[in-house]
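Colleague: Please show me the model, and let me ask how each label is justified.

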Amino acid sequence: MPFNKPHLEFFALDMNSGWETPPGYPSGIKQKILASDLNETTKTGSRSRILRFDPGVFTTDPFVHDHWEEVFLFSGDLTVGNDKNGKGGEPFNPLTYACRPPGAYHGPFKSEKGCMLFEIHYYDETQNKK
């Protein structure tokens with residue numbers, strides 16, 4: 001599987017700028033793209049990002065996408081499976097991990113105190129050759 005992300009050596013991340021709300025997310029959830037050549041049209045490439053939830057933010061519907069997703073909760077709290085009012089769900093603490101194949105429904109999500117997640121998204125490009 002070819003990757004065309006940039007070659008980046010260790011450098012300090014500016015955690016105060018470069019954040020944006022991904023399309024379809026509430027304004028209290030922001031992403032910082034670290035490296036990406038993900039192309040959702042051609043279904044190729046991969047992306048590394050940090051996803052940040054502000055305290056009290058929640059989504060109301062499950063997510064599903066056509067690429068692999070790996071998620072590592074490295075700070076804060078994350079609840080999975082809340083209802084449309086942000087109630088209920090299963091809480092998770094830092095140092096928890098998920099790996100989801102394409103087509104897997106997941107969420108909704110909420111965070112009581114805020115959280116930061118490291119995520120990797122990628123396409124299995126061998127599937128594009130069939």
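Modeller: A disulfide is a pair of cysteine sulfur atoms within 2.5 Å. The sulfur of Cys115 has its closest cysteine sulfur in Cys99 at 19 Å, so the two are too far apart for a bond. Searching the whole structure gives zero disulfides. This is a predicted model, where local features need pLDDT of at least 70, side-chain atom pairs count only at pLDDT 80 or more, and totals for chains, interfaces and linings use all residues. Residues are numbered from 1 along each chain as its sequence is written, and side-chain values use heavy atoms, with hydrogens and water left out.

Colleague: Why is Cys115 called buried?

Modeller: Buried means under 20% relative accessible area, exposed over 50%, and partly exposed in between, with a 1.4 Å probe and protein chains only. Cys115 has 4%, so Cys115 is buried.

Colleague: What makes Cys99 partly exposed?

Modeller: Its relative accessibility is 40%, so Cys99 counts as partly exposed.

Colleague: Why does Met15 count as partly exposed?

Modeller: Met15 has 32% relative accessibility, and therefore gets that label. Met15 also joins Leu8, Phe11 and Leu13 in a nonpolar surface patch of about 350 Å². Patches are made of residues with over 30% relative accessible area and no salt bridge: like charges are joined within 9 Å, nonpolar side chains (Val, Leu, Ile, Met, Phe, Trp, Tyr) within 5 Å. A salt bridge is a side-chain nitrogen of Lys or Arg within 4 Å of a carboxyl oxygen of Asp or Glu.

Conventions: Areas by Shrake-Rupley, 256 points an atom, 1.4 Å probe, with all protein chains shown as cover.
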